[in-house]
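Please read the following note with the sequence and the model open side by side. The points are numbered so that each can be checked on its own.

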Amino acid sequence: MQAVVMGAGSWGTTVAKVLVDAGTPTRIWARRPELAEAINSSHENPDYLKGIPLPEALHAVSDVAEALDGADVVVLGVPSQSLRGNLEQWLPRLNDDMVFVSLAKGVETSTVMRMSEVIADVTGAAPERIAVLSGPNLAKEVAAGQPAATVIGCPDEQRAVMLQEAFSTSYFRPYTNTDVIGCELGGAVKNVIALACGMASGVGFGQNTLATIITRGLAETIRLGVAAGADVQTLAGLAGVGDLVATCCSPLSRNRTFGVALGEGKTLEEAQAATNGQVAEGVKSCSSVRALAEIHGVDVPLTDAVHQVCHEGMTVHDAIAMLLGRPRKPEIR
């Protein structure tokens, strides 16, 4: 089985390394020829994973036709809001035998579609040919070979098992799950909650506040996920709680780092600089997650607050006051 990872950011590069380490022949596509050349010559990604050695068997290319030629598994490592545009450009090179694996964690702003839905919409691929990979997977830790687990979500259990084998290494343990909705929404909403946790940390609040945000953020995730058709057990697992905790607590998280900058009073542009120009998916996903919640009639106050800070000019302090001023209610009902 031949795999290609389309996207040479930190997570795309890490996943390509995992695939090669698992014994799966893999190449990686980089948009910029100079980055592909650097990966091939130095066996590291100097822009996103500097200092972490990559397998010599991993070959990088910048030509789309060369990247996709003969590929059985196409791993999509581009940001959620650019996935549709990239797929449309690549469409002439895609075929009906390819299996697609989405790495992006977000909801498309213009359509409120999950990434698997975007892939199906553009390519016409049946759901059984589309999988998602989601879990507590901070790129630098996985790339360094630190033990981690993930979830491969695919409605075709046999295909999920095939992918599980392709991604399995001594340090990276994939589990399978047929609940694609739960895997995707768990990954999308956690980015928004991580922004909220970062804002709280940037203001100077401690662990009690962070634990409260994580827990109430999980409640939002479960409400929205169940309303959209997800299995609550998925949201209590690696693609839900696991990913939420890792992203909300680690300084390696781009979304948390972005939120910290906002909490410190920085502008959106200054916060973007704090993440070294890498995409913090939650900044745009907060709007599409909120829109999806409105469609399903679900209350998502944390998501709404993050949206207002990022896109409507609300200050972090005003967002905190708004959340604390909400009517009191039972925790569970």
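The points below take up the domains, the nonpolar cores, the pockets, the cavity and a few single residues of this predicted model.

1. The division into domains is a convenient place to begin. The protein is split into domain 1, covering 3–178, and domain 2, covering 182–325, and the C-alpha centres of the two domains are 24 Å apart. Across the boundary, 28 residues of domain 1 make contact with 27 residues of domain 2.

2. The largest nonpolar core holds 39 residues, and within it M199 and V306 touch the most other members. At least two residues of this core come from each of α8 (180–203), α9 (207–228), α11 (238–249), α12 (254–263), α14 (282–296), α15 (301–311) and α16 (316–324), and the greatest contribution, 11 residues, is that of α8. Once neighbours within four places in sequence are set aside, V306 is in contact with V192, L195, A196, M199 and C286. Another core lies apart from this one and contains 35 residues, with L19, V75, L103 and C154 among them. As general background, nonpolar side chains in soluble globular proteins tend to be buried together.

3. L195, already named as a contact of V306, deserves its own look. The residue sits in helix α8, and because its relative accessibility is 0%, L195 counts as buried. Leaving out neighbours within four places in sequence, its contacts are N255, F258, G259, G282, V283 and V306. The C-alpha atom of L195 is separated by 18 Å from that of I222, a residue 27 places away along the chain.

4. Where does the largest pocket lie? Both domain 1 (3–178) and domain 2 (182–325) contribute residues to its lining, so the largest pocket lies between the two domains. Its volume is about 1200 Å³, and of the 45 residues that line it, G9, S10, W11, R254 and Q278 are the closest to the centre. The elements that supply two or more lining residues are α1 (10–21), α6 (139–143), α8, α11 and α12. By residue class, the lining of the largest pocket is made up of 17 nonpolar, 18 polar and 10 charged residues.

5. The second largest pocket encloses about 610 Å³ of space. Its lining consists of 24 residues, and those nearest the centre are T212, R216, L302, L323 and L324. Two or more lining residues come from each of α8, α9, α15 and α16, with α9 providing the largest share, six residues. The lining of the second largest pocket divides into 16 nonpolar, two polar and six charged residues.

6. A separate remark concerns enclosed space, where the count comes to one cavity of 30 Å³ or more. The largest cavity has a volume of about 30 Å³, and the residues that line it are S102, A104, K105, V132, L133, S134, C183 and E184. At least two of these lining residues are supplied by each of β6 (130–134) and α8, and β6 gives the most, with three residues. In terms of class, the lining of the largest cavity has four nonpolar, two polar and two charged residues.

7. S116 may be read alongside the cavity. This serine is placed in helix α5, residues 115–123, and counts as buried because its relative accessibility is 10%. With residues up to four places away in sequence not counted, S116 touches I130, V132, V180 and E184; V132 and E184 also appear in the lining of the largest cavity.

8. Two backbone angles should be inspected by eye. Most residues other than glycine have a negative phi. H43, which is not a glycine, nevertheless has a positive phi of about 55°; it is found in the loop between α2 (33–42) and β3 (59–61), and H43 counts as partly exposed because its relative accessibility is 24%. V112 likewise has a positive phi, near 60°, and is found in the loop between β5 (99–102) and α5. Is V112 buried or exposed? Its relative accessibility is 17%, so V112 counts as buried.

Key. Residues numbered from 1 in each chain as written. Predicted model: local features only at pLDDT ≥ 70, side-chain atom pairs only at ≥ 80, totals over all residues. Heavy atoms only, no water. Core = buried A, V, L, I, M, F, W, Y, C linked by side-chain atoms within 4.5 Å. Buried < 20%, exposed > 50% of the residue type's maximum accessible area, 1.4 Å probe, protein only. Helix = DSSP H or I, 4+ residues; strand = E, 2+ residues; numbered from the N terminus. Contact = heavy atoms within 4.5 Å. 1 Å grid on protein atoms, 1.4 Å probe; cavity = no way out; pocket = protein on both sides within 12 Å on 5 of 7 lines; lining within 4 Å. Points joined across faces, edges and corners; volume = space filled by probe spheres on them. Nonpolar A, V, L, I, M, F, W, Y, C, P; charged D, E, K, R; others polar. Domains from an automatic or database assignment.
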